[in-house]
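Me: Please give me a close look at the inside of this protein. Go step by step, since I am new to this.

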Amino acid sequence: MVAQIVKAKVDGRNERSAATRRLVAEAYLTLVKEGFLRPTARQVAERAGVSERAVFRHFQDLETLLSEAAMIQIQRIGSEVPQPAPLDGPIEERLDHFTARWCELHERVTPVRRAAILYEPFSPEVARRLGWIRGVRKQEIEQTFAGELAAREPQHRRETVATLSAACSWSTWSQLRNRHQLDIPEAHRAVRRSLQALLAAG
């Protein structure tokens, strides 16, 4: 009986701790989306409704907070954007699906990605996460357009995959949306045309 009571108390503390960690990480993400690219511990604590001490108690350093925030961001985005494009069928349909997925993803992650770019040179966690998403994009290109890429010489195929990845990267999307002031449909069409032209260039 005593053991059950102790276990219940421990479980309760663990649940409250996990809930607080998530609350703090969500507060960090909210601030970043609002334009605070480097929110302070005090700002995060105020937004989360906890003490500044609680922030440091649950996150020993910035890396652990960034890791928690990254996991939440991945969970959110994964449920919001279209699934990966089909691996077969007409090229136009695969191209439409692929473009829609990555343009939607880039638009949704833009506020957080701006902050991530600032942290990348100094944060192994952020660098790892950004490297992971670049790897996912490259893999999806190789799988979605495997038939179109297969006919090319290895070096040409490698260069084409790299160029396709650059054409549908967040950096390109940011340039189209922010530097050139294209709206979402215009930027979407620009990315699709670029991908189509690269795939057609044999």
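Reply: Start with one term. Two residues are in contact, or touch, when they have heavy atoms within 4.5 Å. Keep in mind that this is a predicted model.

Begin at Ser 165. This residue sits in helix α8. Buried means under 20% relative accessible area. Ser 165 has 11% relative accessibility, so it counts as buried. Leave out residues up to four places away in sequence, and Ser 165 touches Arg 137 and Ile 141. With Arg 137 there is also a polar contact: the two side chains are joined at 3.1 Å.

Arg 137 leads on to His 106, since His 106 touches Arg 137 too. Find His 106 in helix α5. Its relative accessible area is 2%, and therefore His 106 is buried. The side chain of His 106 reaches the backbone oxygen of Cys 168 at 2.7 Å. Again skipping residues up to four places away in sequence, the contacts of His 106 also include Cys 168, Ser 169, Trp 170 and Trp 173.

Now look at the empty space beside these residues. The count comes to one cavity of 30 Å³ or more. The volume of the largest cavity is about 30 Å³. His 106, Cys 168, Ser 169 and Trp 173 are among the residues that line it. Thr 99, Trp 102, Cys 103, Ala 167 and Val 191 line it as well. Helix α5 supplies the largest share of this lining, with four residues. Sorted by class, the lining has six nonpolar and three polar residues, and no charged ones.

Val 191 takes you from the cavity lining into the largest nonpolar core. This core has 26 residues. Val 191 is one of those that touch the most other members, along with Phe 98, Ile 141, Phe 145 and Leu 195. You met Ile 141 earlier, as a contact of Ser 165. The elements that each give two or more residues to this core are α5, α6 (124–144), α8 (154–167), α9 (170–179) and α10 (184–200). Helix α5 gives the most, with six residues.

Pick out Phe 145 in this core. Beyond residues up to four places away in sequence, Phe 145 touches Ile 91, Arg 94, Leu 95, Phe 98 and Leu 199. There is also a second, separate core of 22 residues. Leu 29, Phe 59, Leu 65 and Leu 66 are among its members.

Next come the pockets. The largest pocket holds about 580 Å³ of space. It is lined by 26 residues, and those closest to its centre are Ala 70, Gln 73, Ile 74, Arg 129 and Trp 132. Helices α1 (2–33), α4 (62–80), α5 (91–119) and α6 each give two or more residues to the lining. The largest share, eight residues, comes from α5. By class, this lining has 20 nonpolar, two polar and four charged residues.

The second largest pocket holds about 180 Å³. Phe 59 and Leu 65, members of the second core, are found in its lining. So are Tyr 28, Val 44 and Tyr 119, among others. Helices α2 (41–48), α3 (52–58) and α4 each supply at least two lining residues. This lining divides into 10 nonpolar residues, one polar and one charged.

One helix to follow through the picture is α5. It holds His 106. It gives the largest share of the cavity lining, and the most residues to the largest core. It also gives the largest share of the lining of the largest pocket.

Terms used: Residues are numbered from 1 along each chain as its sequence is written. This is a predicted model: local features need pLDDT of at least 70, side-chain atom pairs count only at pLDDT 80 or more; totals for chains, interfaces and linings use all residues. Side-chain values use heavy atoms; hydrogens and water are left out. On a 1 Å grid over the protein atoms alone, a cavity is a set of points where a 1.4 Å probe fits but cannot get out, and a pocket is an open set with protein on both sides within 12 Å along at least five of seven lines; lining residues have an atom within 4 Å of a point. Grid points are joined across faces, edges and corners, and a volume is the space filled by probe spheres set on the points. Ala, Val, Leu, Ile, Met, Phe, Trp, Tyr, Cys and Pro count as nonpolar, Asp, Glu, Lys and Arg as charged, and the others, Gly among them, as polar. A nonpolar core is a set of buried Ala, Val, Leu, Ile, Met, Phe, Trp, Tyr and Cys residues joined through side-chain atoms within 4.5 Å. Buried means under 20% relative accessible area, exposed over 50%, partly exposed in between (1.4 Å probe, protein chains only). A polar contact is a pair of N or O atoms within 3.5 Å; within protein, one must be able to donate a hydrogen and the other to accept it, and residues adjacent in sequence count only if both atoms are side-chain atoms.
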